[in-house]
Amino acid sequence: MSTCRESELDALLAGELAPEDASRVRAHAEGCAACKHALAWQRLERGWMTQRARRELVRPALSFSALEARLAVAQKAPAPVRHARREGQWRHWGKMAMAAAAAVAFVGLSLPRGGAGVGVGVGVGTEEPWSRELIVATGVEACEDAAAALEARVGACLIASPVLALRAD
Amino acid sequence: MVLVGTPPSDTDGERGLLRRARTGDPAAFRVIFERHSPAVWRFLRDLLRDEAAADEATQETFVRAHSRLGALRDEDRVGSWLLGIARHVYLESRRTRGVHVDVADEEHAHQVEAVLPTPSPEDLLLDQELAGLLTEALGMLHAERRAALLLRIDHGLAYEEIASVMGWSLPKVKNEIHRARLRLREQLAAHVGGGRP
Ligand SMILES: [Zn+2]
C-alpha cells in the first residue's frame, strides 16, 4: 500500500482480503501512525454500531401478521403498472393492511408457537470480529487489553460486527 | 415482534428458506422477514429519519420482495438484496414526500484526519447521550453517502455489494464511504479520546 487507503484497512478488519493482500496491508499499518489512528476509529465505529443494533432488535410495529394482511391485499389488487406504484398507494394499502392485521393476528395467535429465537438473526454477513492477530500486528494491543477489561466490566462484547451480533445466541 | 405458527427450523440456511418461500411457503417467508426486518427497518429509519415512515417502508420492502423472490439470483445475498429494495422504496418515498434537501455536506474532508483525537477503549461504551449524537451525526451526512456508509459499517456489506445496491462504481463507493467516515468522525471528535466534557 503505497498510500494509506481506509477501504483496505476496513477490508482487513472484515477478513475480506486475500492472504497476500492482508499481509501487505498489515505490514504497512504496523509502521504507519495514520493507519493505526484510522484503525482505532474503525474499531470504535464498529463498537458503536454493534451496540446500537442490539438496542433496536425489536420493533413492535414490525409484525408478520401486518405484513401477511398486506400481502393478501396486494395479491387481490390488480397488477400495478410498472413504476406507477408510489408511496401514496402503499400507504393506503398499509392502512387496509392494518385493519386486516387484527383479524390475521387473532388467528395467528391461536396457533401454537414454535422456534423461539428463530427470528433474530441476520443471515448474510461478510464481516468478521476484530481479529487478535491484527490488533497485535497493528500495535493496538494495549488498547485491546483495556477494551477487554472494559468488556468484562460491562459484561458484553462491544466490538463484534453488528451483523454477527444480530445472530441468535 | 410476534412470532407465531410453526416456522422452519432455525438451522435452515438462507438458500433453503428462499426455495421454500418461492414455492409459496409462508412460514419460510416469515423466517426471512423475522431475520431481516430489524436491519431493513434500521436502514430505512436511518435514511428516512422517521420511525413511523420506516415502519411503513419496511412493510413495503417486504411486499415487493415477496413478489420478486424469483428474481433474486445470488441466493446467499438475501440481506443485501432486501436492503437494495429498501433503498428504492426510500427513494420513491423521498420523491413523493418532496423531502427536504439534505444538510449540505461540504467537501472539506481533506486533512480532517490530522486533527482528530485517537479513540480510547473507554470511548467504546455507547451511552444514551452518545447514541443520540451518533444518530444526529449520521443525519448530517448527505443521504446517499449515509446509505453507503451504513451498508458498510452497520450492515456489513462488501464494497462490491454496496456498489451493486447503490448503482455506483467501486472507486466511488470507497471514496464516498471514506468521506462519510471523516465527516462522522469530525462530528463526534469532541466525544472521544478523553475530549468528552
Ligand atoms: Zn498508512
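Which residues do ring pairs link into a cluster? The tour comes to that cluster after a short orientation.

**Before starting**

This is a predicted model, in which local features need pLDDT of at least 70 and side-chain atom pairs count only at pLDDT 80 or more, while totals for chains, interfaces and linings use all residues. Residues are numbered from 1 along each chain as its sequence is written, chains are lettered from A and ligands numbered from 1 in the order in which they are written, and side-chain values use heavy atoms, with hydrogens and water left out.

The model scores ipTM 0.81 and pTM 0.72.

**Stop 1: chain A**

Select chain A and display it as a cartoon. Eight helices and zero strands appear; helices (H or I, at least four residues) and strands (E, at least two) are DSSP runs, numbered from the N terminus. Of the 169 residues in chain A, 46% count as buried, a term that means under 20% relative accessible area, with exposed over 50% and partly exposed in between (1.4 Å probe, protein chains only). The surface that chain A exposes is about 8200 Å², and carbon and sulfur atoms supply 60% of it; such areas come from the Shrake-Rupley method with a 1.4 Å probe, and for residues only the protein chains shown count as cover.

Contact means heavy atoms within 4.5 Å. Among the contacts of chain A with a separation of 6 or more, 74% are between residues 24 or more positions apart.

**Stop 2: helices H3 and H4 of chain A**

Select residues 33-55 of chain A, which form helix H3. The end C-alpha atoms of H3(A) are 34 Å apart, in agreement with the 33 Å that its 23 residues should span at 1.5 Å a residue; the expected span is 1.5 Å times one less than the number of residues. Because 18 of its 23 residues are buried, H3(A) is largely enclosed by the rest of the structure.

Continue to residues 64-76 of chain A, helix H4, whose 13 residues reach 18 Å from the first C-alpha to the last, close to the 18 Å expected. The buried residues of H4(A) include Phe64(A), Leu67(A), Leu71(A) and Val73(A).

**Stop 3: the aromatic cluster**

Keep Phe64(A) selected and add Phe29(B), Phe33(B) and Phe62(B): these are the residues that ring pairs link into a cluster. Rings of Phe, Tyr and Trp (its six-membered ring) pair if their centres lie within 6.5 Å; planes under 30 degrees apart count as stacked, over 60 as edge-to-face and the rest as tilted. Four aromatic pairs are counted by this rule over all chains.

Phe64(A) and Phe29(B) make a tilted pair, 6.3 Å centre to centre with 55 degrees between the planes. This pair crosses between chains, from helix H4 of chain A to helix H2 (residues 26-48) of chain B. Phe64(A) and Phe33(B) are also tilted, at 5.5 Å centre to centre and 55 degrees between the planes. Phe33(B) lies in helix H2 of chain B and Phe64(A) in helix H4 of chain A, so this pair too joins two chains. Phe64(A) is buried at 3% relative accessibility, and Phe33(B) is buried with a relative accessible area of 0%.

**Stop 4: the domains of chain B**

Colour residues 14-97 of chain B as domain 1 and residues 109-191 as domain 2; the bounds come from an automatic or database domain assignment. Their C-alpha centres lie 23 Å apart, and 14 residues of domain 1 are in contact with 13 residues of domain 2.

**Stop 5: helix H8 and Ala189 of chain B**

Select residues 159-166 of chain B. This is helix H8, with six of its eight residues buried. The buried residues of H8(B), including Tyr159(B) and Met166(B), pack against helix H1 (6-13) of chain A together with helix H4 (78-97), H7 and H9 of chain B. Gly167(B) follows H8(B) and has a positive phi, near 70 degrees.

Next, find Ala189(B) in the segment after helix H9 (170-188) of chain B. At 16% relative accessibility, Ala189(B) counts as buried. Leaving aside neighbours within four places in sequence, its contacts are Trp41(A), Leu116(B) and Pro117(B).

**Stop 6: confidence in chain B**

Finally, colour chain B by pLDDT, the predictor's confidence in each residue, from 0 to 100. The chain averages 84, and 83% of the residues score at least 70. Confidence is lowest in helix H5 (residues 112-115), at a mean of 57, and highest in helix H7 (residues 143-153), at 96. Over residues 1-7 of chain B the pLDDT is below 50, and over residues 103-112 it stays under 50. Where pLDDT is low, the predicted coordinates should not be read in detail.
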